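Colleague: I am new to this structure and would like to understand how each label is earned. Could we take the claims one by one and set every value against its definition?

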Amino acid sequence: VQGRKEAFIALSKAGKLGMASVRAALDHSDASLRGNAFDILREKPRGLRHGVPALEKLLNTGTRYDPIEVCEILALMEEEAQPLGTALASAWERATKGSKGERFIEAVGKVRATSADTGPILGELLKNQKYSRAAGSSLANLGALGPLLVAIRSEDTNARAVALQSIGHLGVRATRHAAAIAELLKDPDDKVRFAAREALAKMGR
């Protein structure tokens, strides 16, 4: 096994062809080979480029890999990642079953290239008392204003308050929506009114 790991390290240094071999090993039937390839790609995520489908398979299937670790690799890849909405939804179900929901949401919040897919999923989680804060934080990290603006009009009081707090974290980037936020200064809930005031203050309003 050690020899295999050393061979993978050598391949990772051998340019495009070497990394292509490492990517191919993600789908190998031998679990130890898949593990070695996964470890290398954690260190060299840029080498994946066209290997996203292999990571998507890891998210969709019950492998030994933690979906949080896969998301962390995708986050390191930045713009090279591709939309993975279905795979992330599948991984979300596994993460919550394993009591890792909050960590998974935080990891997803780093995968900027998939924000169009994950934004609506995170927006729905703003209504979930257990995960609302993690979802709001991830939406702010992604700069996903759309789901947050929908949530400030939710019938769920907690969702409105958390969405406003998350918008506040965006500061001046959310200034053009100041009028919509100001309407919530009249909200019947104290927490929501306070969050609206805080958000406007962070925008310099």
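Modeller: Gladly, and please keep in mind that this is a predicted model.

Colleague: Why is S138 called buried?

Modeller: The relative accessible area of S138 is 1%, and a residue counts as buried when that value is under 20%, so S138 meets the definition. S138 lies in helix 9, and, leaving aside residues up to four places away in sequence, S138 touches I105, E106, G109 and L122.

Colleague: What share of the chain counts as buried, and which kinds of element does the chain have?

Modeller: Of the 205 residues, 47% count as buried. The chain has 13 helices and zero strands, and of the roughly 10400 Å² that the chain exposes, 51% is supplied by carbon and sulfur atoms.

Colleague: What makes you say that helix 11 is largely enclosed by the rest of the structure?

Modeller: The statement rests on a count, since 10 of the 13 residues of helix 11 are buried, and therefore the helix is largely enclosed by the rest of the structure. Among those buried residues are N158, R160, L164 and I167, and the buried residues of helix 11 pack against helix 9, helix 10, helix 12 and helix 13.

Colleague: How do you know that the length of helix 11 agrees with what is expected?

Modeller: Helix 11 runs over residues 157-169, and at 1.5 Å a residue its 13 residues should span 18 Å; the C-alpha atoms at its ends are 19 Å apart, which agrees. At its N-terminal end helix 11 is capped by D156, with a side-chain oxygen 3.0 Å from the backbone nitrogen of N158, and that distance falls within the 3.5 Å allowed for a polar contact. Just after helix 11, G171 takes a positive phi of about 55°.

Colleague: Which residues have the most contacts inside the largest nonpolar core?

Modeller: That core has 33 residues, and the ones with the most contacts inside it are L122, L126, L164, I167 and I181. Helix 7, helix 8, helix 9, helix 10, helix 11, helix 12 and helix 13 are the elements that give two or more residues to this core, and the largest share, six residues, comes from helix 11. As a general background, nonpolar side chains in soluble globular proteins tend to be buried together.

Colleague: What does I181 touch?

Modeller: Not counting residues up to four places away in sequence, I181 touches L164, I167, A196, A199, L200 and M203. L149 of helix 10 is 32 residues from I181 in sequence, with 8.7 Å between their C-alpha atoms, and L149 touches I167 and H177 when residues up to four places away are again left out.

Colleague: Why are the buried residues of helix 13 said to line one face of the helix?

Modeller: The buried residues of helix 13 are V192, A195, A196, A199 and L200. Seen down the axis of helix 13, these buried residues fall within an arc of 135°, so they line one face of the helix. In general, an α-helix has 3.6 residues a turn, so residues three or four places apart point the same way. What covers the buried residues of helix 13 includes helix 11 and helix 12.

Colleague: What caps the N-terminal end of helix 13?

Modeller: The cap is D189, which has a side-chain oxygen 2.9 Å from the backbone nitrogen of K191, again within the 3.5 Å limit. Just after helix 13, G204 takes a positive phi of about 80°.

Definitions and conventions: Residues numbered from 1 in each chain as written. Predicted model: local features only at pLDDT ≥ 70, side-chain atom pairs only at ≥ 80, totals over all residues. Heavy atoms only, no water. Helix = DSSP H or I, 4+ residues; strand = E, 2+ residues; numbered from the N terminus. Expected span 1.5 Å × (residues − 1). Buried < 20%, exposed > 50% of the residue type's maximum accessible area, 1.4 Å probe, protein only. Contact = heavy atoms within 4.5 Å. Polar contact = N/O pair within 3.5 Å; in protein donor to acceptor, adjacent residues only side chain to side chain. Core = buried A, V, L, I, M, F, W, Y, C linked by side-chain atoms within 4.5 Å. Areas by Shrake-Rupley, 256 points an atom, 1.4 Å probe, with all protein chains shown as cover. Arc of directions from axis to C-beta.
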